[in-house]
Amino acid sequence: MIFFIRFAFLNAIEMKLNLHRNVLLLMLAFVLCLLADCKHEKTEQEKLYGEITAKETELYKDKTEAIDKDKAIEMVRMYAEYADKYTTDTLAPEYLFRAAEISENANQPNNAITYLTRIEENYKDYRNYPLCIFKKAYIYENYLKNQEKARQYYEKFIADYPDHELAEAANSSLMFLGMSDEDLIKVIEKLSKE
């Protein structure tokens, strides 16, 4: 008789342990499902990044054709939106730089200057920071015909980055800055004779 009581008692304990274990397993499965759902939901930042990547692929898919201006403008808008929303993200200055390049190529030099200025003021550690300073000088000189600003940025570039691969180009640009085509031809002829 004691055997049966002991067996029933152990069986009841085992059933209770199984019930607790099953409840714990069920709760664990529920928590894991919640975590898995949270992980699979993309953040707004990830969604925008994905949209930008897809738009870049579409914009640059055919390298033989000229880039569609409307698509390029949309691309610039998306780059700027990302940089506005996620200012501390490492992609922010890169996207501003790309926006500046597209703006320059779309003959929107003021927009290019705006994006480059944002990099200049906020992202001094950006890997292409020196190129941003050079590009500002170039755009001021060649698109906006602002010789004073061009000189300022060429001089800044030369002073801050004298060993940069574009330093010689900046020096040359400074030397010829403001010269008419005729004066430039005379200088070139004189240099070729020497």
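Let's start with a salt bridge, E44 to K85. The model is predicted, by the way. The side chains of these two residues meet with N and O 2.8 Å apart. Look at where they sit. E44 is in helix 2 and K85 is in helix 3, so 41 residues separate them and the pair links distant parts of the chain. How exposed is K85? Its relative accessibility is 43%, so K85 counts as partly exposed.

This pair has company. Salt bridges with shared partners join E44, E74, R77, E81 and K85 into one network. Across the whole structure, a search finds 12 salt bridges. Why would such side chains pair at all? Opposite charges can pair when the charged atoms come close.

Next pair: E94 and R127. Their closest N and O atoms are 3.0 Å apart. Again, distant parts of the chain are linked. E94 belongs to helix 4, while R127 is in the loop between helix 5 and helix 6, 33 residues apart. Buried or exposed, these two? E94 is buried, at 11% relative accessible area. R127 is exposed, at 61%. The cut-offs are under 20% for buried and over 50% for exposed.

Third pair: E104 and K135. Here the N to O distance is 2.9 Å. E104 lies in helix 4 and K135 in helix 6, so this bridge ties together parts 31 residues apart in sequence. And the burial? Both E104 and K135 are buried.

Now to the nonpolar side. In soluble globular proteins, nonpolar side chains tend to be buried together. In this model, the largest nonpolar core has 42 residues. Which of them touch the most other members? They are I52, Y79, I102, Y115, I119 and Y154.

Where does the core come from? Helices 2 through 8 each supply at least two residues. In residue numbers, helix 2 is 44-59, helix 3 is 69-85, and helix 4 is 91-105. Helix 5 covers 109-122, and helix 6 covers 129-142. Helix 7 is 147-160 and helix 8 is 167-176. Which helix gives the largest share? Helix 3, with eight residues.

One core residue to click on: I102. Leave out residues up to four places away in sequence, and I102 touches L59, Y60, A72, M75, V76 and Y79. Y79 is on the list of residues touching the most other core members, just like I102.

To recap, there is one network that includes E44 and K85, a buried pair in E104 and K135, and a core with its largest share from helix 3.

Note on methods
Residues are numbered from 1 along each chain as its sequence is written. This is a predicted model: local features need pLDDT of at least 70, side-chain atom pairs count only at pLDDT 80 or more; totals for chains, interfaces and linings use all residues. Side-chain values use heavy atoms; hydrogens and water are left out. A nonpolar core is a set of buried Ala, Val, Leu, Ile, Met, Phe, Trp, Tyr and Cys residues joined through side-chain atoms within 4.5 Å. Buried means under 20% relative accessible area, exposed over 50%, partly exposed in between (1.4 Å probe, protein chains only). Helices (H or I, at least four residues) and strands (E, at least two) are DSSP runs, numbered from the N terminus. Contact means heavy atoms within 4.5 Å. A salt bridge is a side-chain nitrogen of Lys or Arg within 4 Å of a carboxyl oxygen of Asp or Glu.
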